[in-house]
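Trainee: Could you take me through one part of this protein slowly, strand by strand, and then show me how the parts around it fit in?

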Amino acid sequence: MGSGSNSDEPTLPVASVARRLGVAPSTLRTWDRRYGVGPSRHTDGRHRRYGTSDIGRLELMQRALLRGASTAEAARYALEQMPKSVLTRTDQPMPSPGSALKIETPEGAVVLPAEDSDERDGPSRLARRLSTAALAMDVGAVQRMLAETIAELGVAAAWEGVIEPVLSALGARWRGASGGAGAEVEYLLAECVYAALVRATPVLAAPRNHRPVLLTCVPDERDTMPMYALAACLAARTLGAQLFGVPLPADVLAVAVRRSSPAAVVLWAQRKGIADPRLFARISRGGSRGRLFAAGPGWDRASLPGNVEHLDDVAAAADRVEYVLVGTGR
């Protein structure tokens with residue numbers, strides 16, 4: 001073989017590449033069959049294996065998908081950036097992951113920001129893989145990615161660094177789209193995230209707190225996912241919580257607090273303008289002696305009563321509640 005041959009290049013089978021990228025093997029085969037984004041050559045008889053450059057091309061395709069390109073456009077972009085005629089030569093450099101790239105899509109130009117090579121296996125890469133699996137409507141890959149991400153990073157880091165950013169990005173992508181086109185991706189991912197967070201919230205045989213932490217959203221709040229994330233975070237710290245996934249009306253919330261006598265109450269508000277600070281006065285009238293927390297970006301801090309502490313996000317809430325209840329954390 002000449003110096004340009006890649007016959008000694010390490011290769012991987014389709015199943016290994018699929019696991020690495022967070023998609024199903026059938027998805028890779030479909031991409032290869034429809035768009036030609038597959039292995040550059042046959043090896044080991046009839047079996048097709050992916051070389052380093054083949055995988056690099058697929059990663060370029062993933063970046064384009066994450067930024068909103070269609071599958072066909074993303075594949076065309078990847079092939080233009082790394083043509084197969086070039087990829088079969090080992091003396092041709094791959095595009096630098098530190099370079100910003102631009103792709104023209106039917107909806108306009110999409111600029112793919114530079115990747116940080118130091119985060120290749122960190123939250124940023126996990127977020128890209130999760131997004132790609134969701135965009136492909138590959139529910140199995142989404143479920144596996146969520147389970148692996150939570151197991152690897154822990155609930156708090158997985159939520160803050162991977163899950164919540166992907167949910168926000170995909171949600172923003174479809175808002176205002178004609179006829180809600182593409183919203184099915186957000187709904188699919190949301191269902192998988194709910195299930196993953198519930199699985200990550202074990203029933204505690206002996207929680208460290210004698211009285212539970214009551215978690216719920218303010219009335220009219222539609223985004224209840226952060227409360228599921230917080231319940232999972234607390235469970236990981238062996239702290240028991242009483243979660244109401246459906247926001248309670250103010251009068252029902254007051255009764256629930258009175259009957260549960262929780263050690264702490266956390267009310268989450270995501271959207272601005274819907275959180276009424278008078279909710280806390282209503283709770284206090286029931287005789288509750290637990291600590292009161294207003295969590296999330298929807299609260300107006302200046303309007304909160306003096307006995308209510310504001311918590312910015314899920315990770316901060318988990319730290320603070322743990323500290324208040326058992327004296328550890330932050």
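Mentor: Begin with Ala264, whose bridge partner in strand E8 is Arg291, and keep in mind throughout that what we are looking at is a predicted model. This pair belongs to a longer run of pairing, since E7 and E8 are joined in the parallel sense over 5 bridges. Ala264 also has a partner in another strand, because Val213 has Ala264 as its bridge partner in E7, and strand E5 (residues 213-217) runs parallel to E7 with 5 bridges between them. Further along the two strands, Thr216 stands opposite Leu267 in E7.

Now consider how E7 itself is placed. Strand E7 covers residues 264-268, and 5 of its 5 residues are buried, so the strand is largely enclosed by the rest of the structure. As a general point, the side chains of a regular strand alternate between the two faces of the sheet. In E7, Ala264, Val266 and Trp268 lie on one side while Val265 and Leu267 lie on the other, and with all of these residues buried, both faces of the strand are covered.

Strand E5 can be read in the same careful way. Here, too, 5 of the 5 residues are buried, so E5 is largely enclosed by the rest of the structure. Val213, Leu215 and Cys217 point one way from E5, whereas Leu214 and Thr216 point the other way, and all of them are buried. Besides its pairing with E7, strand E5 is joined by 3 bridges to strand E6 (residues 241-243), and these two strands run parallel; within that pairing, Leu214 stands opposite Gln242 in E6. If you follow the chain from E5 through helix H10 to E6, you trace a right-handed β-α-β unit.

Helix H10 leads us from the strands to the packing of side chains. In soluble globular proteins, nonpolar side chains tend to be buried together. The largest nonpolar core in this model has 49 residues, and those touching the most other members are Val142, Trp159, Leu189, Val193, Leu197, Leu230 and Val266. Helix H10, which spans residues 225-236, gives the most to this core, with 9 residues. To see one of these contributions in detail, look at Leu230, which, once its neighbours within four places in sequence are set aside, is in contact with Leu215, Val266, Val314, Ala317 and Ala318. Leu215 is one of the buried residues of E5, and Val266 is one of the buried residues of E7, which brings us back to the two strands where we began. A second core, separate from this one, has 21 residues, among them Val17, Trp31, Tyr77 and Met82.

Helix H10 also takes part in a ring pair, one of the 2 aromatic pairs counted here. Tyr194 and Tyr228 meet edge-to-face, with their centres 5.0 Å apart and 80 degrees between their planes. This pair links distant parts of the chain, for Tyr194 is in helix H9 (residues 183-199) and Tyr228 is in helix H10, 34 residues apart. Tyr194 has a relative accessibility of 23% and so counts as partly exposed.

Finally, set this part within the whole, where the secondary structure comes to 13 helices and 9 strands. Of the 330 residues of the protein, 45% count as buried, and among contacts between residues at least 6 apart in sequence, 67% join residues at least 24 apart.

Technical notes
Residues are numbered from 1 along each chain as its sequence is written. This is a predicted model: local features need pLDDT of at least 70, side-chain atom pairs count only at pLDDT 80 or more; totals for chains, interfaces and linings use all residues. Side-chain values use heavy atoms; hydrogens and water are left out. A nonpolar core is a set of buried Ala, Val, Leu, Ile, Met, Phe, Trp, Tyr and Cys residues joined through side-chain atoms within 4.5 Å. Buried means under 20% relative accessible area, exposed over 50%, partly exposed in between (1.4 Å probe, protein chains only). Helices (H or I, at least four residues) and strands (E, at least two) are DSSP runs, numbered from the N terminus. Contact means heavy atoms within 4.5 Å. Rings of Phe, Tyr and Trp (its six-membered ring) pair if their centres lie within 6.5 Å; planes under 30 degrees apart count as stacked, over 60 as edge-to-face and the rest as tilted. Two strands pair if DSSP finds at least two bridges between them. A crossover is right-handed if, with the strands pointing away from the viewer, the path from the first strand over the helix to the second runs clockwise.
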